[in-house]
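Visitor: Could you walk me through this one? I'd like to start with how the strands are defined.

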Amino acid sequence: MVCFCFLVDQKRKVRRCRPVAGTCSRCGRGASVADMRTTTRFCFIPFYWKSWKAIICSFCGSILKSYS
């Protein structure tokens, strides 16, 4: 019997970030608008990526709102 095990993972990376008026609902610190990129890898080879915008907290890093 042969069993194959493949590794699939996703990484989110902040490409650019600029401050925006508003505060985080979790920690109360400042928020910022970021250009994000999600990369999906299969056996360490990236085969799908998506670029999107998100409002993130500049202190705790939580994603408050995302835009496609």
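Guide: Happy to! Strands here are DSSP runs of E with at least two residues, numbered from the N terminus, and two strands pair if DSSP finds at least two bridges between them. This is a predicted model, where local features need pLDDT of at least 70, side-chain atom pairs count only at pLDDT 80 or more, and totals for chains, interfaces and linings use all residues. Residues are numbered from 1 along each chain as its sequence is written, and side-chain values use heavy atoms, leaving out hydrogens and water.

Visitor: Which residue in β2 stands opposite glutamine 10?

Guide: Strand β1 covers residues 8-23 and strand β2 residues 30-42, and they pair in the antiparallel sense over 13 bridges. Opposite glutamine 10, in β2, stands threonine 40.

Visitor: What is the bridge partner of arginine 41 in β3?

Guide: β2 also pairs with strand β3, residues 45-57, in the antiparallel sense over twelve bridges. Arginine 41 has as its bridge partner in β3 proline 46.

Visitor: Which residue takes a positive phi in the hairpin of β2 and β3?

Guide: That hairpin has two residues between the strands. The positive phi, near 55°, belongs to cysteine 43.

Visitor: Why does phenylalanine 47 count as buried or exposed?

Guide: Buried means under 20% relative accessible area, exposed over 50%, and partly exposed in between, with a 1.4 Å probe and protein chains only. Phenylalanine 47 has 53% relative accessibility, so the residue counts as exposed.

Methods. Helix = DSSP H or I, 4+ residues; strand = E, 2+ residues; numbered from the N terminus.
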